[in-house]
Amino acid sequence: MSGPHFVPPDPTAISGVMKAPFVKLPEPATVFSGRARRLRKLAAPSHLASYLDFLASIFEAQNAILPELGEAQVPAPEFIARARRFEMPPLDRSAMTSDGTLRDTCRRLFALLAPIPKPEAANAALERTERLKNDVLGAMIGNVLADSIPAEAIAEHVYVAAALQVHFARLAARIDASALVPVGVGLCPVCGGRPGASLIVGWYGAEGARYASCALCSTLWNEVRVKCLACGSTKGVGYQEIEGQGGTIKAETCDECGHYVKVLYQHKDMELDPVADDVASVGLDQLLRESAYARAGLNPYLAGY
């Protein structure tokens, strides 16, 4: 596999679409099942087949519990109006750790994941997670929402994060899109989450527009192209890809902050999914990290990588 290939920014990328919709809210009834199908398809020819199939099973379980869950309680209209006035996301992460519906979502998902085939380490982590008392589970929910997951408990938190994705997608789906406003660079206007990836879409009325995809609630929101979603810089932004991959997945890199976010060119391939294809293109992540270490004169395999 050849290394990352630098490509210049797309000259049509700035203000190509004048009035693209600001957000596209998730549809829980289709988002998880669609990701599962995409992962199954990507797994077939991949050397990561067992891993991608395992993730597909998690998405299938997320979809399967939807009919069993109680109604998700969205914030009151006056709270949403206040959030809009102060340019804040309407879903308050700090209020979620004691949410009974969320804890029920966790328990139901853990139970459904128990029988699916998984590596021994993943199974052991799930068993530990199933035994958690509510206060510990609440603390883990808080860790995920604060992006402060302890390194020694990553596996357990993955299952909690999967339940949070279900809960927040259900909440986001019930928010009035017209009440949402930008809340900061690279931040989801619904829950304040960071994007897992971004899409260049081909939807009618938004052709060529860029949408960031929230890693937590699956909301898509419009962002300017050729802009770092980590720091907001428009300087030193470049694009790298693996040669021979058709130009459908690139890493948007930033010289200013050193971060990158993948861009999926969905208008070239409508099947691209911001979660499934991000995971399946891990080879690009690997090569980018190796290149970063090489520029620093380090061996990634001797530097804690």
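Student: How many salt bridges does the count come to in this structure?

Tutor: The model is a predicted one. A salt bridge here needs a side-chain nitrogen of Lys or Arg within 4 Å of a carboxyl oxygen of Asp or Glu. By this rule the count comes to 14 salt bridges.

Student: Which parts of the chain does the salt bridge between arginine 40 and aspartate 53 tie together?

Tutor: The closest N and O atoms of arginine 40 and aspartate 53 are 3.1 Å apart. The two residues are 13 residues apart in sequence, and each belongs to its own helix, so the pair ties together helix 1 (residues 28-43) and helix 2 (residues 49-65).

Student: Are arginine 40 and aspartate 53 buried, partly exposed or exposed?

Tutor: Buried means under 20% relative accessible area and exposed means over 50%, with partly exposed in between. Arginine 40 has a relative accessibility of 31%, and aspartate 53 has a relative accessible area of 29%. Both values fall in the middle class, so arginine 40 and aspartate 53 are partly exposed.

Student: Which residue forms a salt bridge with glutamate 68?

Tutor: The closest N and O atoms of this pair are 3.3 Å apart. Glutamate 68 sits in the loop between helix 2 and helix 3 (77-85), and its partner, 40 residues away, sits in helix 4 (residues 100-113), so that distant parts of the chain are linked. Glutamate 68 is partly exposed at 39%, and the partner is partly exposed at 33%. The residue asked for is arginine 108.

Student: Are lysine 227 and glutamate 223 buried or exposed?

Tutor: Lysine 227 forms a salt bridge with glutamate 223, and the closest N and O atoms lie 2.8 Å apart. As for accessibility, both lysine 227 and glutamate 223 are buried.

Student: Which residues are linked in a network of salt bridges?

Tutor: A network joins several charged side chains through salt bridges. Its members are Arg38, Lys41, Glu271 and Asp277.

Student: How far does helix 2 reach from its first C-alpha to its last?

Tutor: Helix 2 has 17 residues. At 1.5 Å a residue, a span of 24 Å is expected. The model comes close to this value, with a reach of 25 Å.

Student: Against which helices do the buried residues of helix 2 pack?

Tutor: The buried residues of helix 2 include Leu52, Phe54, Leu55, Phe59 and Ile65. The buried residues of helix 2 pack against helix 1, helix 4, helix 5 (120-130), helix 7 (154-173) and helix 8 (276-280).

Student: Are helix 4 and helix 7 parallel, antiparallel, perpendicular or oblique to each other?

Tutor: Two packed helices are described by the angle between their axes and the distance between the axes. Helix 4 and helix 7 pack at an angle of about 125 degrees, with their axes 9 Å apart, and their crossing is right-handed. Roughly perpendicular covers 65 to 115 degrees and roughly antiparallel lies over 145. The angle falls outside both classes, and helix 4 and helix 7 are therefore oblique.

Student: Which residues does histidine 167 touch, not counting residues up to four places away in sequence?

Tutor: Histidine 167 lies in helix 7. With a relative accessible area of 1%, histidine 167 is buried. Histidine 167 is also one of the helix 7 residues that meet helix 4, where the residues in contact include Thr101, Leu102 and Thr105. The full set touched by histidine 167 is Met96, Asp99, Thr101, Leu102 and Thr105.

Student: By what distance are the C-alpha atoms of alanine 122 and alanine 155 separated?

Tutor: Alanine 122 lies in helix 5 and is buried, at 14%. Leaving aside neighbours within four places in sequence, alanine 122 is in contact with Phe54 and Tyr159. Alanine 122 and alanine 155 are 33 residues apart along the chain, and their C-alpha atoms are separated by 6.8 Å.

Student: Where is the place of threonine 219?

Tutor: Threonine 219 counts as buried at 0% relative accessibility. Leaving aside neighbours within four places in sequence, the contacts of threonine 219 include Lys24, Pro26, Ala172, Cys188 and Ala212. The place of threonine 219 is in the loop between strand 4 (210-214) and strand 5 (220-223).

Student: How many helices and strands are there in the chain?

Tutor: Of the 305 residues of the chain, 47% count as buried. Among contacts between residues at least 6 apart in sequence, 62% join residues at least 24 apart. In the chain there are 9 helices and 8 strands.

Note on methods
Residues numbered from 1 in each chain as written. Predicted model: local features only at pLDDT ≥ 70, side-chain atom pairs only at ≥ 80, totals over all residues. Heavy atoms only, no water. Helix = DSSP H or I, 4+ residues; strand = E, 2+ residues; numbered from the N terminus. Buried < 20%, exposed > 50% of the residue type's maximum accessible area, 1.4 Å probe, protein only. Expected span 1.5 Å × (residues − 1). Contact = heavy atoms within 4.5 Å. Axes fitted to C-alpha atoms, helices over the stretch in contact; angles between N-to-C directions. Parallel < 35°, antiparallel > 145°, perpendicular 65-115°, else oblique. Left-handed = near helix turned anticlockwise from the far one by under 90°.
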